[in-house]
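Hi there,

Here is the structure I promised to pass along. Have a look at it first, and my notes follow below.

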Amino acid sequence: MLRARRRTVVTVTAVVAVLLGGALAATLLTEGGGTAGGGTATSGNAVTYQAGHRPLAPEFTATSLTGTTIKLSSYRGKTVVLNFWGSWCPPCRDEAPTLGVLAQQYGSQGVAFLGDDVGDTAANALAFTRSVHVSYPSINDPGYAVVQTFSQVAPVSDTPTTVVIDKTGHVAGMVLGAVSYGEMTTLLHQAAVTS
Amino acid sequence: MTDVQTPQPQQEAVNGGAGEAAGGGAAEPPAASPGWPRWVWRQLTSMRTALILLFLLAVCSIPGSVLPQQGSDPAAVQQYFGSHPGLAPWLNHLGLFNVFAAPWFAAVYLLLFASLVGCVVPRTFRLVGSARTPPPRAPRNLDRLPHSSSYRSALPPAAAVDGAAAVLAGQRFRLRRPGQRGSDQQDRGHWVSAEKGYLREVGNLLFHLSLLGVLLSIAAGGLFGYKADKLLVEGQSFADTTSALDEFHPGRLVSGSDLAPFSMTLNKFTAGYVTSGESRGQPSDFDADVSYAASPGAAARSYHIRINDPLSVDSVKVYLIGHGYAPEFKVTGPNGSVAYQAATPFIPANTGTLLSDGVVKAPDASLGFEGVFVPTGISVDGTLQSIFPAADNPAVSLIGYSGNLGMDSGQSQSVYQLDTTAMSKVSGSPHLLLPGQTWTLPGGKGSITFVGVKQWVSLAVTYDPGQLPALVCGILALAGLLLSFFVRRRRVFVRAVPAVSGTGSLVTVGGLTRSDASGGFEEEFAELAAEIAAAEPGSGPGTPGQAGQAGQPEPGGSPPPGSRTEPGA
Amino acid sequence: MSVNLGFAQASNDFLIAALLIYSVAVLAFAGDYAFGRPRRAAAKAAAPAAAPAVAELATVGAGAPAVSSVAEPATAGPDPDDTAGPASGGPWEVGRQGPVPERRAGAFRSIWAAGPWVRAAVGLSALGMLAHLVAVVTRGLAVHRAPWGNMYEFITALTCVAAIFFGYIVVRHRAWTLGVFVMGAVVLALGLAETIIYTPAGPLVPALQSYWLSIHVTAMTLATGIFFVAAVLGILYLVAERYRARIAAGKAQPGNGLLERIPSAAQLDKLTYRTAVFGFPVWTFGVIAGAIWADQAWGRYWGWDPVETWAFITWVIYAAYLHARATAGWRGARAHYIQLLGFASLITNMLVVQVFITGMHSYAGVH
């Protein structure tokens, strides 16, 4: 009888495992997680990395909208605000004035602003930078190549995304979605803390 | 299914084979006190429950095929809401627009699998047990078996049985001879029992367990895999990142950094169409010429993605799903500077002729355009129509708007729709453009030039780690099915008694099988009996009237049909 | 490659020829009912040749009195509870007791001996099958691919499979008395194909240009043809069973009429089961092959597309039939209703879902 009892235990366990495991998987699988990936995130979502735990930003060399060469390593020693944007993207257009103000304010304090224009033609991007008077250069990145390189280190999952890199070339924080003035100033101050 | 716990020594409670089992176990709860768990158990694992659940599964799948489903066609679901405003919300509450992800559907198949497991696990134990126990003793009177025959042998009984055993062993039967177990003491006769066909139950269990494997593989794929879409115009490239993809549906345990780091450029897309005959206009071939790099900095390779021919990169597959036209426009603002220049994807409204709709947004010149593009255009009563899907005579008809496109407020918009609430038309009627032509807008607002035509493709990028396991389990299920249908579990017994006269013996061979899906045991038994008889010298058919046993062969004749149950003939 | 019009025309001609020949064959089968030799006389003539151990469907009538009806229910299906041995009286299948069976008489000799009507009917059916096969093959040659790329071609091919499978049953189980019904159904289906569903020979849309067409649709064609035969046999079973029940209840007399000519309910039950058992793995394989092809073409192996869903529903219903046959209270007529429901689901999939419900499977070509 003991053997029969063991068999019963095994059977009942198997059945319960199927029921519970299946219910768990079924609830996990009905995803809330499906997103329109290339879509735009309208509100900001800030992420900060504490000093000493900051990932190293990947080196890249790219061409700007006007044809000049841009290397990330050439910005070492300065804090960099790297903004991923597109002229087709309403939140990017919405945050552009904020970024312009920040560029004016912090540009003289050793903060460099750099744009990465994704999913765009150069003509459309230049039309936008001209009409909004963007003063800093932007990388011409229609194929999201720089985004891919960067995503190995920090998830650039939406457009717009703004990344703050500290003076030593490490990622100090990022904002997913359109930035607000307050978020950026906080990030910039935190980035300045390097110990 | 009878009680799991106490199989009686002589009883195997359940038959093997996919086509048979014990009768539905609708037993009442036993009188002993913890009655209801056992009763629930019996109900759950009974064949009748399996039957009901199978029906439920079939019936519950029907609305998933008749109503539009969120997972495959969200636009159709929206349309349904529009056309059935009263009914649609109720159907939505019941989950009928996403049947296969609904909890009640999951409940049905989970219960079915629970019932399956509750059946299969005890049967596996039983199979292992029966594989270890030797076949039963040969019954005394083999003539009562469904299949039996006898013959006279010149050999003494022991030798005759040995010969029969050798034949059976040669056919890979499992044998049992007297004296192997203690209970045989009383039976002094000469006999051998043989059994074969355990693969049938093995096949049955394999089939059912493989179904469970398929379910697990599907779940694994859903949790760890992802699906994504990307629309790509000729000349464009993209890297496999979440921001580049138009749609991204990750499994729950997938994050953006799990994406394979490839990048791809669409060099050229070619679509061929049938140009004459009854199928004129039907597509004949699609070819997307792409270059790709498996990781940043890797060497570029090229591939032609076709409809039944996806590209495999790194265990991710890229499929060609659809295509369309992307006319290229250049828009200049009032001061003449270029405000927009790009090939703009238009969406086909008619899949046969590829007449397509799209919009051009030039927010930096405060201009927007709604357009209809035709690849081979003719004008019918003033409206533009397309008569052939290839771009033989492209034309575009535009309605221009000027004003605020609403793109600076931060609210997301569809790239295929123009929000004209804060805009006004620049002219009353649509303006037709052929390639190379420019429309200078009235009022000095700017101009738009129809530069040329490119094509776009829509690609699906999918990663499904459960795909290969699901296939393997499917094939195993099929193998198990075939085994369970076409292998028979059968038993053959041979008994020899000394002959009434002379030195030989009378050998009787009997056989029985469980129900035989494919038929053919009769032939097999006949051949076996003949082979046993033929394996020794001096054997021949028994004479009629011997011990009055039914079923004796009659030389030269056979009993007339229909008299099978009458003894003696 | 363009369509070879010569072969296309030949295909149409041969199909019409097959249709006509089949129709005459059906008339001959009916003629056998009306004017042919009574069954018992035929059985006596064939007796020396036919050993009783072989399932002789032609020799036992549906309403055969007590003798067979006593034996029949025991053979009607799988028995519950396997026991260790026959001590409890044979819970394993009660088959036929008898001597070592002698060599079976040739099938063709039995057919010849069954009378001129049967000879004509079987001969014409064979001729029709040949014409049918030529029609299918020439269609394939005309379009340079496997000839089941749209609804018309699919129906012509599956009826060819059904006819050939029926031929196999006639030879193996001497079941020519079922000819009227099975071949009659084939004639009806072909008539439908020719008139309403006809599509001229043409190239395939790119999505169908794959060697998987040969594998997936071939399997579905075969399975549908086999299930077609099983469905016809199932209907005949229900008729025979009702007749048997009425005789057993004394409400009808066994005569020599139409219902006497067809095999007994129990034999039909077994034959239907074996046919369905043959078709089920083929259908399973077809679904798996379809999933592999869907993955190649559409990027996912299962998407609950309407046709996929109904193929799944059909599979589940046939699985229910197989389970029903092993469940007490569900054998017999109830199981056959399930099997017919499965076939109805198959037909719904083919004629309704593929044509009227848009999905990725809309290749029927029916306008």
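Let me start with helix α5 of chain A, residues 181–192: its twelve residues should span 16 Å at 1.5 Å a residue, and the end C-alpha atoms lie 17 Å apart, which agrees. Please keep in mind throughout that this is a predicted model.

Which residues of α5(A) are buried? They are A:Met184, A:Thr185, A:Leu187, A:Leu188 and A:Ala191. Looking down the axis of α5(A), you will find these buried residues within an arc of 165 degrees, so they line one face of the helix. The spacing fits a familiar rule: an α-helix has 3.6 residues a turn, so residues three or four places apart point the same way. As for what that face meets, the buried residues of α5(A) pack against α2 and against the strands β1 (46–48), β4 (79–85), β5 (111–118), β7 (161–165) and β8 (171–176) of chain A.

Chain A itself is divided into domain 1, covering 1–33, and domain 2, covering 40–192. Taken over C-alpha atoms, the centres of these two domains of chain A are separated by 49 Å.

**Chain B**

Chain B has nine helices and 25 strands. It counts 569 residues, 50% of them buried. If you take the contacts in chain B between residues at least 6 apart in sequence, 63% join residues at least 24 apart. The exposed surface of chain B is about 24,600 Å², with 58% of it supplied by carbon and sulfur atoms.

One helix I would point you to here is α9(B). This helix has 14 residues and reaches 19 Å from its first C-alpha to its last, close to the 20 Å expected at 1.5 Å a residue. Its buried residues are B:Phe521, B:Glu524, B:Phe525, B:Ala526, B:Leu528, B:Ala529, B:Ile532 and B:Ala533. They pack against β1 (147–153), α6, β23 and β24 (505–513) of chain B.

**Salt bridges**

B:Glu524 in that list leads on to charge pairs. Side chains of opposite charge can pair when their charged atoms come close. How many salt bridges does a search of the whole structure find over all chains? The search finds 17, and three of them are described here.

- B:Glu524 forms a salt bridge with B:Arg490, the closest N and O atoms being 3.0 Å apart. B:Arg490 lies in strand β23 (residues 490–498) and B:Glu524 in helix α9 (residues 521–534), so the pair ties together parts of chain B that are 34 residues apart in sequence. Both B:Arg490 and B:Glu524 are buried.
- B:Asp162 and B:Arg177 meet through their side chains in a salt bridge of 2.7 Å, N to O. B:Asp162 sits in helix α6 (residues 157–170) and B:Arg177 in the loop between β2 (174–176) and β3 (190–196) of chain B, so this pair ties together parts 15 residues apart in sequence. B:Asp162 is partly exposed, at a relative accessible area of 40%, and B:Arg177 also counts as partly exposed, at 26%.
- B:Asp408 and A:Arg93 meet in a salt bridge at 2.8 Å, N to O. B:Asp408 lies in the loop between β18 (395–403) and β19 (423–425) of chain B, while A:Arg93 belongs to helix α2 (residues 90–107) of chain A, so the pair joins two chains. Are these partners buried or exposed? B:Asp408 counts as partly exposed at 40% relative accessibility, whereas A:Arg93 counts as buried at 4%.

There is a little extra to the pair between chains: salt bridges that share partners join A:Arg93, B:Asp364 and B:Asp408 into one network.

**Chain C**

The secondary structure of chain C comes to twelve helices and zero strands. Of its 367 residues, 61% count as buried. Among contacts in chain C between residues at least 6 apart in sequence, 82% join residues at least 24 apart. The accessible surface of chain C is about 14,000 Å², and 70% of that belongs to carbon and sulfur atoms.

A last spot to look at is C:Ala291, found in helix α10 (residues 265–298) of chain C. C:Ala291 has a relative accessible area of 15% and is buried. Its C-alpha atom is separated by 8.7 Å from that of C:Glu308, 17 residues apart along the chain.

Happy browsing, and best wishes!

Key:
Residues are numbered from 1 along each chain as its sequence is written. Chains are lettered from A and ligands numbered from 1 in the order in which they are written. This is a predicted model: local features need pLDDT of at least 70, side-chain atom pairs count only at pLDDT 80 or more; totals for chains, interfaces and linings use all residues. Side-chain values use heavy atoms; hydrogens and water are left out. Helices (H or I, at least four residues) and strands (E, at least two) are DSSP runs, numbered from the N terminus. Buried means under 20% relative accessible area, exposed over 50%, partly exposed in between (1.4 Å probe, protein chains only). Contact means heavy atoms within 4.5 Å. Accessible areas come from the Shrake-Rupley method with a 1.4 Å probe; for residues, only the protein chains shown count as cover. A salt bridge is a side-chain nitrogen of Lys or Arg within 4 Å of a carboxyl oxygen of Asp or Glu. Domain bounds come from an automatic or database domain assignment. The expected span of a helix is 1.5 Å times one less than its number of residues. The arc is that of the directions from the helix axis to the C-beta atoms.
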